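Student: Could you take me through one part of this model in detail? I'd like a close look at the empty space inside and what surrounds it.

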Amino acid sequence: MYHSNKARGHDPVVTVDALTFSYGIGQVLHGITFALERGEVVGLLGPNGAGKSTTIKVLTGILPPKGGTVRVAGYSMPTEAVEAKKRIGYVPEEAALFESLTGQEFLELMGRLQEVPEEILQSRIGRFLEQFELAKVRSRRLDGYSKGMRQKVLLSAALLHNPDVVMLDEPLSGLDVNAGFMVRDLVAALAAEGKTILYSSHVLDMVERVCDRALIIHEGRLIADGSLESLKASTQRGSLEDVFRQLTHAEETVSGVSEIIESLRS
């Protein structure tokens, strides 16, 4: 496995040791080990089906690990999941929202479940809706929101309780360019505030802009862990995309593209 020699702190915010997970008889994760430090922005990368979303679901307490240990903000998963979840903000790749609620009502529900004091909650909701350009539709039911608007609501809900750890699974899904820029700047600002960010995405150029470090999962195994510069140096590649292509054998897709084009010509 490619890895960085960067020294880690003594008390990581997230620790994952020999994590395994299975759906039925099919093993999805094979002994994954890594740690995340305070104020770090770490990209979680891999092809479709590699195990990225499963890893995040275990870290957020949605799925129990089959084997190994997971600790988030000092709490073990899944035995102390309730306490850990109070310190986690999670934006899923796809979420089923309570569509009969308005945007305002949904955020109030999420904040109250996290026991955010009412005065603080209302202030934060107002500010988030304003900055995400949702203030004018705060009283509209969520079933009338576009995909991008729903994503902004999910981002807001994940931050209402001021979590220590923020886990983002394809956070730019459905967002326009300007909103994407805002998310990029927001991730950097959250890290500067000491938040630990795990950022899973297929948008590698965005990962390269916002992340300090990358974890690459392939076929349920962690095949690389290091700073972006160290991974580029180890693989002698000039960009994160080229590193990813080499380590996950995605370079083979070039021949596949040629075959498709050739078939169109014939």
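Tutor: Happy to! In this predicted model, the largest cavity holds about 60 Å³ of space, and one cavity of 30 Å³ or more is found in the structure. Its lining is made up of Val91, Leu155, Ala158, Leu159, Val166, Leu168, Val183, Leu186, Val187 and Leu190. Two or more of the lining residues come from each of these elements: helix α5 (147-159), strand β8 (165-169) and helix α6 (177-192). Of the elements, α6 contributes the most to the lining of the largest cavity, with four residues. Sorted by class, the lining comprises 10 nonpolar residues, with no polar and no charged ones.

For a second view, turn to a helix pair, α3 (residues 103-113) and α4 (residues 118-131). A pair like this is described by the angle between the two axes and the distance between them. Here α3 and α4 pack at about 140 degrees, and their axes are 10 Å apart. That angle makes α3 oblique to α4, since the roughly antiparallel class takes angles over 145 degrees. The crossing of α3 past α4 is right-handed. On the α3 side, the residues in contact are Gln104, Leu107, Glu108, Gly111 and Arg112, and they meet Glu118, Leu121, Gln122, Ile125 and Leu129 of α4. By class, this contact has four nonpolar, three polar and three charged residues, whereas the cavity lining has no polar and no charged residues.

Terms used:
Residues are numbered from 1 along each chain as its sequence is written. This is a predicted model: local features need pLDDT of at least 70, side-chain atom pairs count only at pLDDT 80 or more; totals for chains, interfaces and linings use all residues. Side-chain values use heavy atoms; hydrogens and water are left out. Axes are lines fitted to C-alpha atoms, for helices over the stretch in contact, and angles run from 0 to 180 degrees between N-to-C directions. Angles under 35 degrees count as roughly parallel, over 145 as roughly antiparallel, 65 to 115 as roughly perpendicular and the rest as oblique. A crossing is left-handed if the near helix is turned anticlockwise from the far one by less than a right angle, and right-handed if clockwise. Contact means heavy atoms within 4.5 Å. Ala, Val, Leu, Ile, Met, Phe, Trp, Tyr, Cys and Pro count as nonpolar, Asp, Glu, Lys and Arg as charged, and the others, Gly among them, as polar. On a 1 Å grid over the protein atoms alone, a cavity is a set of points where a 1.4 Å probe fits but cannot get out, and a pocket is an open set with protein on both sides within 12 Å along at least five of seven lines; lining residues have an atom within 4 Å of a point. Grid points are joined across faces, edges and corners, and a volume is the space filled by probe spheres set on the points.
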